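Subject: Structure for you, with notes

Hello,

Here is the structure I promised to pass on. Please open it first, then read the notes below.

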Amino acid sequence: MSRPLSSPLFGRGLLDGARQGLYYRLSITQGNTMIRDFFLGFIKLHLLYHAARGPIFGLDMIRELEEHGYTLSPGTLYPMLHGLEQDGYLKSEKQVVNGKTRKYYSATVKGKKALADARRKARELLDEISREDGGESARP
Ligand SMILES: [Zn+2]
């Protein structure tokens, strides 16, 4: 069954845009929002993981994440660390290093539990989405 072109699901504007070659641009924009959400989650997991292994600080994590292909400014990263602390996943401690005050973050018990939980879920997700057949055979 095919949908009428004026399907309210897509709306007239989008279909008109598609006819004018704008559809591609629109879908990229929508995709970016989704991908950004994924990456923000991945980055938080990185932070949690490293903070569970030992104290971390902002600049060091910016460099670490850069190696994984994430380019973050301090203006993006610091509020993330802050938010994770506010939510009780990280705790911070100030230390003076070479005359500069540096804020070190480490994972709390809650943070370590969240990491263990996320690790389990990430493994399961990877197992599923890595299937060659796209997971079709796993469906009844
Ligand atoms: Zn990492």
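Start with the strand pair. S1 and S2 run antiparallel, and eight bridges join them. One pairing to look up is Glu93, whose bridge partner in S2 is Tyr104. Keep in mind that this is a predicted model.

Next, the turn. S1 covers residues 90-97 and S2 covers 100-107, with Asn98 in the loop between them. The hairpin has two residues between its strands. Which sign does the phi of Asn98 take? It is positive, near 50°, and Asn98 is not a glycine.

Is Asn98 buried or exposed? Asn98 is exposed, because just 5 other C-beta atoms lie within 10 Å, and a residue with 12 or fewer counts as exposed.

When you view the strands, one general point may help. Side chains in a regular strand alternate between the two faces of the sheet.

Now the whole protein. There are five helices and two strands. Reading from the N terminus, the order is α-α-α-α-β-β-α. So the hairpin strands follow four helices and precede one more, by the definition of elements numbered from the N terminus.

Two totals to finish. The protein has 140 residues, and 9% of them count as buried. Take the contacts between residues at least 6 apart in sequence: 42% of these join residues at least 24 apart.

Asn98 is the residue I would show you on screen: a positive phi near 50° in the hairpin of S1 and S2, at an exposed position.

Best wishes

Key: Residues are numbered from 1 along each chain as its sequence is written. This is a predicted model: local features need pLDDT of at least 70, side-chain atom pairs count only at pLDDT 80 or more; totals for chains, interfaces and linings use all residues. A residue is buried if 20 or more other C-beta atoms lie within 10 Å of its own, exposed if 12 or fewer, and partly exposed in between; C-beta atoms are placed from the backbone. Two residues are in contact if their C-beta atoms, placed from the backbone, lie within 7 Å. Two strands pair if DSSP finds at least two bridges between them.
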